[in-house]
Amino acid sequence: MVRGALLIGLAAAIAIICFTTFRAAQERAALRASQDRLVAYHGLTPMTHKRLAPDYTDKDGGLLADPPADPAQRLDPDTLVIAHYQDADADTQLVDWEAFLAHVAAATGKPVVRQEYLNSADDVAAVKAGKIHIVALHAADAPYVVNNAGFVPVAVLGTEAGAHGNHLDIAVGAKSKIESLADLREHTLTCTTPDSITGYRAAIAILAEEASMRPDVDYAINFSFGQKRSIQGLVEGDFEVAALSDDKVQSMLGKGSIDKEDFRVIYESQVIPRLTIGYIYNLTPELAGKLSAAVLSFANQGGAVDDSTGQPMRFLASDYQKDFEFVRKIDDSFDPRFHKRPSVPPAPAAEQTAPAAEQTGPAVEPAAPPAAAPA
């Protein structure tokens, strides 16, 4: 009887251990699923090196679509359509578009019409269908259009000093003990808005790649809804870490609104070009050559000047493989279904005990990410 009781007790102990192990595994899986949903809410995905869609080839490895081998598939439209990004808030547009249209018309001998480019799914579809022939858009939006619509960037806007663009600064207060990206763990990163490049997307992509940290899992996120608020909140001690647009930081320093001693930059990114321009891959070589020459020879006398140098801006030849490396890194880190995310985030991981429904929604084809906001 004693032996039987011991065996029963041993069996019960084994059963309890097995059940406890099973429950612990279930809880870990539920926590991980909850964390994955929080990360998916931010649009962040494991970094994958995105490449051209199957519709295109890339024989030279330049990451751009090859022109069609069959001359019958190449386009030589009677009228050229230029679609370009336009800053509705700017007093002077970066490019004198009326002068640019006249310049292209003279260089190609073709009439030219223009329309606004919003980086919507319809815009991307029009580029892919050959209804838009020349595109000027924010460089952060270029990789998606390159890979899915056959866009070929030719140049970026800039001066002799380089591309006109912006840096991401990840900064902390002057007295903060945070010295590196790795130190952000269990702290709160203040961002501007979810459609911002320097104020959001670039920051969480860099933290994921270089520090293996995920938003709302390894660190918290809050939003200031403005670069000025982020900068002022950081220097006044309201925020401990902030993703900042370097041009706004430099502007406030120049105006004396803040001092260099008020904060420390712990990470500065490569330049993110403000504007890139190019054409669709399937134009005839003759027309593509004329357009490239027209872009690079345009003087842009009526356009904006660079704030930091005071020089007039013009288009500079670019190398997509080299000059767009950082913007591709951001694009590689985001789900193109980002615009389908819910308006209200899911509950924090600690408040969830079981997997919830898929948050991001089905992919849309063609699906374009939201148009990039520079700050």
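**Exercise 1.** In which sense do strands E1 and E3 pair, parallel or antiparallel, and over how many bridges?

*Solution.* Keep in mind that this is a predicted model.
- Step 1: Find strand E3 at residues 134-137; E1 pairs with E3 in the parallel sense, over three bridges.
- Step 2: Pick out one pair of partners: isoleucine 82 has isoleucine 134 in E3 as its bridge partner.
- Step 3: Now look at strand E2, residues 112-116, which pairs with E1 in the parallel sense over five bridges. Here alanine 83 has glutamine 115 in E2 as its bridge partner.

**Exercise 2.** Work out why strand E1 is largely enclosed by the rest of the structure.

*Solution.*
- Step 1: Take one side of E1, where Leu80, Ile82 and His84 are buried.
- Step 2: Turn to the other side, where Val81 and Ala83 are buried too, and both faces are thus covered.
- Step 3: Put this together: five of the five residues in E1 (residues 80-84) are buried, so the strand is largely enclosed by the rest of the structure.

**Exercise 3.** Describe how helices H5 and H10 meet.

*Solution.*
- Step 1: Locate H5 at residues 197-211 and H10 at residues 325-332; their axes come within 9 Å and cross at roughly 80 degrees.
- Step 2: Angles of 65 to 115 degrees count as roughly perpendicular, and H5 and H10 are therefore roughly perpendicular to each other.
- Step 3: List the contacts: Ile197, Arg201, Ala202, Ala205, Ile206, Glu209 and Glu210 of H5 meet Phe326, Lys329 and Ile330 of H10.
- Step 4: Sort the residues in this contact by class, which gives six nonpolar, four charged and no polar residues.

Notes
Residues numbered from 1 in each chain as written. Predicted model: local features only at pLDDT ≥ 70, side-chain atom pairs only at ≥ 80, totals over all residues. Heavy atoms only, no water. Buried < 20%, exposed > 50% of the residue type's maximum accessible area, 1.4 Å probe, protein only. Helix = DSSP H or I, 4+ residues; strand = E, 2+ residues; numbered from the N terminus. Pairing = 2+ DSSP bridges. Axes fitted to C-alpha atoms, helices over the stretch in contact; angles between N-to-C directions. Parallel < 35°, antiparallel > 145°, perpendicular 65-115°, else oblique. Contact = heavy atoms within 4.5 Å. Nonpolar A, V, L, I, M, F, W, Y, C, P; charged D, E, K, R; others polar.
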